[in-house]
Amino acid sequence: QETDFTWVLKQTKDFDLHLFLHKRDAKDASDFEEANILDQLDTLLRLYVPGPSEGSYPGVERRDFFYTKEVMLGEVKAVETRGLWRTYNDFMGGPFICFTFLSPDKETLYTMMACVYSPSQRNKLSMKRDLLMQLDGICHSLKFEQQQ
């Protein structure tokens, strides 16, 4: 059990929703560069999320584009990264959204990633969009407790 990594999973017969939260000590401004965020996601997914078959593991799909911008999660400034994830050495994949942000004390860096897997033919792209929007809403509900 890792105390710095949390994985919440909802599985149905038609789709899987994943929400990951990781914390570590903040280093510097390079923590918010797109390449470093993607590298961090690859590392976290490979370490903590098993693939469906032996030798497989999830990671970000580097052959496609990424969309990165600064956003507010409540009162917290964050870097949002959107793109596709895939399972290496297997066939799974789908859209993801990731938020990277500092704790209010500026000492802890958080990475929150939400992703969808929905392979069913009944599930058109609009359903994947709707599922990712639900996860995005959960991410935007982030609140830090006030320090006393």
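A salt bridge is counted here wherever a side-chain nitrogen of Lys or Arg lies within 4 Å of a carboxyl oxygen of Asp or Glu. By this rule, nine salt bridges are found. The model is a predicted one, in which local features need pLDDT of at least 70 and side-chain atom pairs count only at pLDDT 80 or more, while totals for chains, interfaces and linings use all residues. Residues are numbered from 1 along each chain as its sequence is written, and side-chain values use heavy atoms, with hydrogens and water left out.

A good place to begin is the pair Asp39 and Arg62, whose closest N and O atoms are 3.0 Å apart in a salt bridge. Asp39 belongs to helix 1 (residues 34-48), whereas Arg62 sits in the loop between strand 3 (57-60) and strand 4 (67-73), so the pair links distant parts of the chain, 23 residues apart. Helices (H or I, at least four residues) and strands (E, at least two) are DSSP runs, numbered from the N terminus. As for exposure, buried means under 20% relative accessible area, exposed over 50%, and partly exposed in between (1.4 Å probe, protein chains only). Asp39 is partly exposed at 39%, and Arg62 is partly exposed at 38%.

Arg82 offers a second meeting point. One salt bridge joins the side chains of Arg82 and Glu80, at 2.9 Å from N to O. Another joins Arg82 to Asp136, with the closest N and O atoms 3.2 Å apart. Because Arg82 lies in strand 5 (residues 76-88) and Asp136 in helix 2 (residues 125-140), this pair ties together parts that are 54 residues apart in sequence. Asp136 is buried at 16% relative accessibility, and Glu80 is buried at 4%, whereas Arg82 is partly exposed at 25%.

Charges outside salt bridges can be followed too. Asp4, Asp25, Asp105 and Glu107 form a negative surface patch. Patches are made of residues with over 30% relative accessible area and no salt bridge, with like charges joined within 9 Å and nonpolar side chains (Val, Leu, Ile, Met, Phe, Trp, Tyr) within 5 Å. Asp and Glu count as negative and Lys and Arg as positive, while His and the chain ends are not counted. Within this patch, Glu107 is found in the loop between strand 6 (93-102) and strand 7 (108-117), and Glu107 is exposed, at 53% relative accessibility.

Key
Areas by Shrake-Rupley, 256 points an atom, 1.4 Å probe, with all protein chains shown as cover. Charge placed at Lys NZ, Arg CZ, Asp CG, Glu CD.
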